[in-house]
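Reader: I am new to this structure. Please take me through one part of it closely, and then show me how that part sits in the rest.

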Amino acid sequence: MKTNKQIILFLTFMLLIILSLTIYHTVKANQEESLLFVYLDPGHGGFDGGATSIDKSMCEKDINLKVCFYLKNYLEKTNIVVKMTRNKDVALSKSKKEDIHKRVELINKSNCDIYLTIHANAYPSSSVRGFQTFYSSNKQQNEYLAKTIQTSLQMLDKENKRLSKVITGKYVLDNTTKIGCLVEIGFLTNEIDLQKLTDDTYLEKMAFQIYLGILNYIEESRQI
Ligand SMILES: [Zn+2]
């Protein structure tokens, strides 16, 4: 009899543990679902340096990664879930084509609410400068996100009159199924931009303005 009682007690105890674990996981899953999730894509990496400064001393890939890290930090402080397509100086594949396909695959397979692909520019004429956001017209919200970020970035440079622009022919923008945009943070081939883009304080400020742009987008989207 004593043994039977012990068995019943043990089974009840186990049942309670299973029940509380189930409740815990359900609550946790619900909490995670309600969190906002942003996928950041620091352009290039590894063998693919991306755009370079005229003297070739600066590579776009390193600047893109820095901005993404600063941005990740701000987003996570607001309880926003962040993933990055890369978090070190690596390419995602052996060829540029496969690398970019992999980035799109990662973003599309995730359940992210927003993605941002961060790049820096280069141009034959060294007088061309300024940050600018680009978006694909395949999702209506892309335009609004790109505009909101562009407006926020303008706080860094009031002389920058560039507007967010619709674009085609960019593999990531054309093929992602999520809401997102491309942020071109400046021209490495322009002296003024280069000076800024090699200054970590400026990069952090830039990340902060992108972060504010994302927050504005979320706030406005919730009201629609
Ligand atoms: Zn690039």
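Author: Start with the buried residues of helix 7. They are Y202, L203, M206, A207, Q209, I210, Y211, G213, I214, Y217 and I218. The model is predicted, so each value here is computed from it. Look at the spacing of those numbers along the helix. An α-helix has 3.6 residues a turn, so residues three or four places apart point the same way. L203, M206, I210, I214 and Y217 are among the buried residues on the list.

What do the buried residues of helix 7 pack against? Two strands are partners: strand 3 (114-121) and strand 6 (180-187). The helices are helix 2 (60-77), helix 4 (140-153) and helix 6.

Now the helix itself. Helix 7 covers residues 200-223, which is 24 residues. From its first C-alpha to its last it reaches 35 Å. That is close to the 34 Å expected at 1.5 Å a residue. At the N-terminal end, D199 acts as a cap. One of its side-chain oxygens lies 3.0 Å from the backbone nitrogen of T201.

Y202 has a second role to follow. This buried residue of helix 7 also lines the largest cavity. The other lining residues are R129, G130, F131, D157, I185, D193, K196 and L197. Which element gives the most to this lining? Helix 6 (residues 191-197) does, with three residues. By type, the lining holds four nonpolar residues, one polar and four charged. The volume of the largest cavity is about 40 Å³. The count of cavities of 30 Å³ or more is one.

Helix 4, a packing partner of helix 7, leads on to T133. This residue is in strand 4 (residues 132-135). Is T133 buried or exposed? T133 counts as buried, because its relative accessibility is 0%. Its side chain reaches the backbone oxygen of A146 at 2.8 Å. Leaving out residues up to four places away in sequence, T133 touches A146, K147, I149, Q150, L153, L163, S164, K165, L182 and V183.

Step back to the chain. It has seven helices and six strands. From the N terminus on, the order is α-β-α-β-α-β-β-α-β-α-β-α-α. Of its 224 residues, 42% are buried. Take the contacts with a separation of 6 or more: 77% of them join residues 24 or more positions apart.

Terms used
Residues are numbered from 1 along each chain as its sequence is written. This is a predicted model: local features need pLDDT of at least 70, side-chain atom pairs count only at pLDDT 80 or more; totals for chains, interfaces and linings use all residues. Side-chain values use heavy atoms; hydrogens and water are left out. On a 1 Å grid over the protein atoms alone, a cavity is a set of points where a 1.4 Å probe fits but cannot get out, and a pocket is an open set with protein on both sides within 12 Å along at least five of seven lines; lining residues have an atom within 4 Å of a point. Grid points are joined across faces, edges and corners, and a volume is the space filled by probe spheres set on the points. Helices (H or I, at least four residues) and strands (E, at least two) are DSSP runs, numbered from the N terminus. Ala, Val, Leu, Ile, Met, Phe, Trp, Tyr, Cys and Pro count as nonpolar, Asp, Glu, Lys and Arg as charged, and the others, Gly among them, as polar. The expected span of a helix is 1.5 Å times one less than its number of residues. Buried means under 20% relative accessible area, exposed over 50%, partly exposed in between (1.4 Å probe, protein chains only). Contact means heavy atoms within 4.5 Å. A polar contact is a pair of N or O atoms within 3.5 Å; within protein, one must be able to donate a hydrogen and the other to accept it, and residues adjacent in sequence count only if both atoms are side-chain atoms.
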